[in-house]
Amino acid sequence: MIFKCYGGGCFECCIKCLGGIPYASLIATILLYAGVALFCGCGHEALSGTVNILQTYFEMTRAAGDVIDVFTMIDIFKYVIYGVAAAFFVYGILLMVEGFFTTGAIKDLYGDFKITTCGRCVSAWFIMLTYIFMLAWLGVTAFTSLPVYMYFNLWTICRNATLVDGTNLCLDLRQYGIVTIGEEKKVCTTSESFIKMCDSNELNMTFHLFIVALAGAGAAVIAMVHYLMVLSANWAYVKDACRMQKYEDIKSKEEQELHDIHSTRSKERLNAYT
């Protein structure tokens, strides 16, 4: 957005342009982009690390044909992550544009504007859509906590196995619904694959990536709440501006009617005098 200054210095022009920035929407957008970037980037890499752990240490393979297994679900989650990143990048831009056009400083820069019914409907639509997205991100945050819990259990088993000698602890994937009841995919502390998995950096990295992805989803929830506060304030501003606009229109109409009446009477008096 380009602002032009006439009859003022560069400093005054910069101050006036900075006054037209919706800082509340800008902070919410930065928080949203940061949260979505952490969730999508770290979540994608954590899912890739999960595939490697399942194939390397749990000796799981992809099912042949069109059978939906855990690897197919992970691929679906990756595509969902791609869609989430693209969708919320566009949505953040739309909310920033909405913030610019409902900021009082923009009104001061461009003069009085007319509040249309379409503008009020757009503000109400953004409030409803942001509320739905906030609920969706709450669900995503709750869902992301599940792999964090699973990896925390695995990390705890690795730590306890190194602290207490002679213990035989096992992790069965059937407990988490990753495999069917008929399949027995588990690793125990006495097995060589378990020792290699605990000593590898891949397990620790995947665990922390899921934690960062969970933090990113939480940041997105906070951003949605911030957006709701901003949009509600903008809606109140638009509503008050609409009422003020109607008042100014009625006042202008009444003044015009009084002026017409006064002008008519003046002409009648002048005609009567002549």
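How far apart do the end C-alpha atoms of residues 209-237 lie, and how much of the span is helix and how much strand? The legends below start there, and everything shown comes from a predicted model.

**View 1. Residues 209-237, end to end.** The end C-alpha atoms of this span are 42 Å apart, and the span is 100% helix with 0% strand. UniProt, in an unreviewed entry, gives residues 209-237 the feature "transmembrane region".

**View 2. Residues 79-101, another span from the same UniProt feature.** The unreviewed entry also puts "transmembrane region" at residues 79-101, and at 122-146 as well. For residues 79-101, the end C-alpha atoms sit 34 Å apart. Here too you're looking at 100% helix and 0% strand.

**View 3. The disulfide between Cys 158 and Cys 198.** The count of disulfides comes to one, and this is the pair: Cys 158 is joined to Cys 198, with 2.0 Å from S to S. It ties together distant parts of the chain, 40 residues apart, with Cys 158 in helix α5 and Cys 198 in helix α6 (residues 192-199). Which hand does the disulfide have? The torsion about the S-S bond is about -70°, so it's left-handed.

**View 4. How covered are the two partners, Cys 158 and Cys 198?** Cys 158 has 7% relative accessibility, so it counts as buried. Cys 198 comes in at 23%, so it counts as partly exposed; the cut-off for buried is under 20%.

**View 5. Cys 40 and Cys 42, with no bond between them.** Why is there no bond here? The closest cysteine sulfur to that of Cys 40 belongs to Cys 42, and because it is 9.8 Å away, it's too far for a bond. Seen from the other side, Cys 42 is in no disulfide, and its nearest cysteine sulfur is that of Cys 40. Are these cysteines buried or exposed? Cys 40 is buried, with a relative accessible area of 8%, and Cys 42 is buried too, with 14%.

**View 6. Asn 153 in helix α5.** Zoom in on helix α5 (residues 117-163) and you'll find Asn 153 there. Its relative accessibility is 19%, so Asn 153 counts as buried, given that the cut-off is under 20%. What is the C-alpha separation between Asn 153 and Leu 171? The two residues are 18 residues apart along the chain, and their C-alpha atoms are separated by 8.6 Å.

Technical notes
Residues numbered from 1 in each chain as written. Predicted model: local features only at pLDDT ≥ 70, side-chain atom pairs only at ≥ 80, totals over all residues. Heavy atoms only, no water. Helix = DSSP H or I, 4+ residues; strand = E, 2+ residues; numbered from the N terminus. Buried < 20%, exposed > 50% of the residue type's maximum accessible area, 1.4 Å probe, protein only. Disulfide = S-S within 2.5 Å. UniProt positions renumbered as here; feature names shortened; annotations may be inferred.
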